[in-house]
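Dear colleague,

I am passing a structure on to you, and since you have not worked with it before, I have written out below what was found in it. Please read the notes with the structure open beside them.

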Amino acid sequence: MRTVKVYEESWPLHSPFVISRGSRSEARVVVVELEEEGIKASGECTPYPRYGESDASVMAQIMTIVPQLENGLSRQQLQSLLPPGAARNAVDSALWDLEARRLGVSLEQHLGVALPEDLTTAQTVVIGTPEQMAASAAALWEKGARLLKIKLDDRLISERLVAVRTAVPEATLIVDANESWHSEGLAARCQLLADLGVAMLEQPLPANNDAALENFIHPLPICADESCHARSSLKTLAGRYEMINIKLDKTGGLTEALALASEAQAQGFELMLGCMLCTSRAIAAALPLASKARFADLDGPTWLAVDVEPALRFSTGQLHL
């Protein structure tokens, strides 16, 4: 018989994390702890309001399956009990952690995945004035970041990007528009990004309006984030996107994420591995996918004033494994 604990945690950020939908001063996560035959394991998720999730709704979802979890629910059985999303991710991650701990190995070893000693991860430049964003990019470059993710809304696109590129002429830049752009003028913006040497554009249009990308000719890869959750999303992405951003909180855990990665690659999509604001616990659960991804965007814990213990070891732009 397993024991199951479900609870919330709040982790303060060392500075506000600004996205197109507002500013956050803390990361709120939901944790599932399992104990079976003296072995303890855990999984974490970050409820995301954009997908209709809250701490309360995610915990309520998890609580509906606690009796099955206590009676030995497997990962395979879990997939049909909860939909893709944060709630299923917390449970799926805990079950993967339990499997690996039973065997006395890391999750990567359990899956036969080899990871590099150092993994390059994007560092985020949050939305601000062109001068603020340029200064932030320069400071991150000076500290060692070589891959920068530039957050944008629908304002000052050229001013912000020109300022950033001038500040860090050698950095690899990826741009995340967070669904804030419109089909009108998109071609010109894509050309601007290409002219500035931007390597990839993430989710420029709202997920419910990305049909405008159908057969849209563009000079740099476009990555689906909000438009791609699980394997069921792939059928609408061909001809619109060249890359998908896999996040465990969208797929509902590593089980579906591994299947999504394999199917997406078979269909010709490149992969990005992303995260929400989270602790090292959530990043560790996603690491088996890192070797498959062209870009890793795993800087969630670097925004925390304190991290879970034991914490993964980050330096600016690098995850040391």
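Helix 4 is followed by Gly104, a residue whose phi is positive, near 70°. Please keep in mind throughout that this is a predicted model. The helix that ends there, helix 4, covers residues 86-103, and its 18 residues reach 26 Å from the first C-alpha to the last, which is close to the 26 Å expected at 1.5 Å a residue. Of those 18 residues 14 are buried, so helix 4 is largely enclosed by the rest of the structure.

Two of the helix contacts described here involve helix 4, and I take them in turn.

The partner in one of them is helix 1 (residues 55-63), which packs with helix 4 at an angle of about 55°, the two axes being 8 Å apart. That angle makes helix 1 oblique to helix 4, and the crossing in which helix 1 passes helix 4 is right-handed. On the side of helix 1 the contact is made by Val58, Gln61 and Ile62, and on the side of helix 4 by Ala86, Ala87, Ala90 and Val91. Sorted by character, the residues of this contact are six nonpolar and one polar, with no charged residue among them.

The partner in the other is helix 10, which packs with helix 4 at an angle of about 95°, again with the axes 8 Å apart. Helix 4 is therefore roughly perpendicular to helix 10, as angles of 65 to 115 degrees are counted. Here Arg88, Asp92 and Trp96 in helix 4 meet Leu254, Thr255, Glu256 and Leu258 in helix 10, and the residues of the contact divide into three nonpolar, one polar and three charged.

Helix 10 itself runs over residues 254-266, and its 13 residues reach 18 Å from the first C-alpha to the last, close to the 18 Å expected at 1.5 Å a residue. The buried residues in helix 10 include Leu254, Thr255, Glu256 and Leu258, which are also the residues of helix 10 that meet helix 4. Ala257, Leu260, Ala261 and Ala264 in helix 10 are buried as well. Helix 10 is followed by Gly268, whose phi is positive, near 95°.

A further pair to look at is helix 6 (residues 130-142) and helix 7 (residues 157-167), which pack at an angle of about 30° with their axes 8 Å apart. At that angle, under 35 degrees, helix 6 and helix 7 are roughly parallel to each other, and helix 6 passes helix 7 in a right-handed crossing. In this contact Pro130, Met133, Ala134, Ala137 and Ala138 of helix 6 meet Glu159, Arg160, Ala163, Val164 and Ala167 of helix 7. Eight of the contact residues are nonpolar and two are charged, while no polar residue takes part.

Two residues add to the picture of this region. Gly128 lies in the loop between strand 5 (123-125) and helix 6, and with a relative accessible area of 13% Gly128 is buried. Leaving aside its neighbours within four places in sequence, Gly128 is in contact with Met133 and Arg160, two residues that also appear in the contact of helix 6 with helix 7. The C-alpha atoms of Gly128 and Lys151 are separated by 9.1 Å, with their positions 23 residues apart along the chain. Ser158, for its part, lies in helix 7 and counts as partly exposed, at 33% relative accessibility. Its C-alpha atom is separated by 7.4 Å from that of Leu192, a residue 34 residues apart from Ser158 along the chain.

Finally, there are some backbone details in the loops that you may wish to inspect. Glu37, in the loop between strand 2 (22-36) and strand 3 (39-45), has a phi near 55°, a positive value in a residue other than glycine, and at 76% relative accessibility Glu37 counts as exposed. Asn215, in the loop between strand 8 (198-202) and strand 9 (222-224), likewise has a positive phi, near 55°, and is a residue other than glycine; Asn215 is exposed, with a relative accessible area of 64%. The peptide bond from Glu309 to Pro310 is cis, with omega near 0°, and Pro310 lies in the loop between strand 12 (295-296) and strand 13 (313-315).

With kind regards

How values were computed
Residues numbered from 1 in each chain as written. Predicted model: local features only at pLDDT ≥ 70, side-chain atom pairs only at ≥ 80, totals over all residues. Heavy atoms only, no water. Helix = DSSP H or I, 4+ residues; strand = E, 2+ residues; numbered from the N terminus. Expected span 1.5 Å × (residues − 1). Buried < 20%, exposed > 50% of the residue type's maximum accessible area, 1.4 Å probe, protein only. Axes fitted to C-alpha atoms, helices over the stretch in contact; angles between N-to-C directions. Parallel < 35°, antiparallel > 145°, perpendicular 65-115°, else oblique. Left-handed = near helix turned anticlockwise from the far one by under 90°. Contact = heavy atoms within 4.5 Å. Nonpolar A, V, L, I, M, F, W, Y, C, P; charged D, E, K, R; others polar.
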